[in-house]
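The following explanation leads the reader through one protein model, from its overall make-up to selected residues. Please keep the sequence and the structure in view while reading.

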Amino acid sequence: MRTWTRAVPAAMGALVLAAVLTGCNGSDSDDKKGSGGSDDRTSFRLGEASPPQESTMQKSKGATYTVTPTKVQTGTTADMDNSGLDKEKGEAPKIPVYVWATVTHKSGKAMEIGDMDDDLVVKTDKGERTKALIVIMGEAKWPDCPAPDSEKKLSAGQSEKICKAFLIPEGQKAAAVQLSQGFTAEPLEWPAAG
């Protein structure tokens, strides 16, 4: 399910897309990546890298990369109020969750950061799954969580530390960060600390 939200920061309007996923492995970009490692584990501690993931994007097909979520922090209603996003009438209040991660290009053709972090999902303590907030025009402002340059390309051996914002229903907590691996594989999961 996709919801469009209009946002009005001080200087410029922002158009925002937030995708909320329900069910086991639903993701609109699940078909572009698959696991490339022999490690059968699906649960990791924050700070542990994923097994190598293989890109199936046309421009970087066959390239491999890892994702390492390092920190998960739930924001506040004040963060939401100061973000520049408008609240939709009739929509339940939401709060941000910030996920810091490191994406590392391992081998193959250069890849855009957005192709490496696109399948990150936050799962709440109520079982809801939400993809990262995408700002189409303008920007949302979050404390200590600048939007990554998703078009920046990394070559083999290069890493980038990123922060992504996710919106979850107010009153719920972030239980885990997940990395979708397509419709046929269980997502990888990093339980949130605390």
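**From surface to core**

The protein exposes about 9,900 Å², of which carbon and sulfur atoms supply 51%. The model is a predicted one. Its secondary structure comes to two helices and 14 strands. Of the 194 residues in the protein, 47% are buried. Among contacts with a separation of 6 or more, 70% are between residues 24 or more positions apart.

The interior may be considered next. The largest nonpolar core holds 26 residues, and those touching the most other members are Val-67, Val-72, Val-97, Val-99, Val-103, Val-122 and Phe-166. Two or more residues of this core come from each of β5 (64-74), β6 (94-107), α2, β8 (120-124), β12, β13 (174-179) and β14 (188-191). Strand β6 gives the largest share, five residues. Another core, of eleven residues, lies apart from this one, and Leu-85, Tyr-98, Leu-133 and Cys-163 are among its members.

Phe-166 merits a closer look. Residues up to four places away in sequence being left aside, Phe-166 touches Ile-95, Pro-96, Val-97 and Val-99, and its list of contacts also includes Leu-120, Val-121 and Val-122. The remaining partners of Phe-166 are Thr-130, Lys-131, Ala-132 and Leu-133. Of these partners, Val-97, Val-99 and Val-122 are also named among the residues that touch the most other members of the largest core, whereas Leu-133 belongs to the other core.

Cys-163 leads to the covalent cross-link. A disulfide is a covalent bond between the sulfur atoms of two cysteines. The count for this model comes to one disulfide. Cys-145 and Cys-163 form it, with their sulfur atoms 2.0 Å apart. The pair links distant parts of the chain, 18 residues apart: Cys-145 lies in the loop between β10 and β11, and Cys-163 in strand β12. The torsion about the S-S bond of Cys-145 and Cys-163 is about -105 degrees, and the disulfide is therefore left-handed. Cys-145 counts as buried because its relative accessibility is 4%, a value under the 20% limit. Cys-163 likewise is buried, with a relative accessible area of 4%.

The loop that holds Cys-145 also contains Asp-144, between β10 (134-137) and β11 (153-154). Is Asp-144 buried or exposed? Asp-144 is exposed, because its relative accessible area of 69% is over the 50% limit. Its phi is near 60 degrees, a positive value in a residue other than glycine.

Another aspartate, Asp-117, lies in helix α2, which covers residues 113-117. Asp-117 is buried, its relative accessible area being 2%. What joins the side chains of Asp-117 and Lys-164? The two are joined by a polar contact of 3.2 Å. With residues up to four places away in sequence not counted, Asp-117 touches Val-103, Pro-148, Ile-162 and Lys-164. One of these, Val-103, is also listed among the residues of the largest core that touch the most other members.

The last residue to visit is Ser-155, in the loop between β11 and β12 (159-169). Ser-155 counts as partly exposed because its relative accessibility is 37%. Not counting residues up to four places away in sequence, Ser-155 touches His-105 and Ala-110. Ser-155 and Gly-108 are 47 residues apart in sequence, while the C-alpha to C-alpha distance between them is 7.9 Å.

Conventions:
Residues numbered from 1 in each chain as written. Predicted model: local features only at pLDDT ≥ 70, side-chain atom pairs only at ≥ 80, totals over all residues. Heavy atoms only, no water. Helix = DSSP H or I, 4+ residues; strand = E, 2+ residues; numbered from the N terminus. Buried < 20%, exposed > 50% of the residue type's maximum accessible area, 1.4 Å probe, protein only. Contact = heavy atoms within 4.5 Å. Areas by Shrake-Rupley, 256 points an atom, 1.4 Å probe, with all protein chains shown as cover. Polar contact = N/O pair within 3.5 Å; in protein donor to acceptor, adjacent residues only side chain to side chain. Core = buried A, V, L, I, M, F, W, Y, C linked by side-chain atoms within 4.5 Å. Disulfide = S-S within 2.5 Å.
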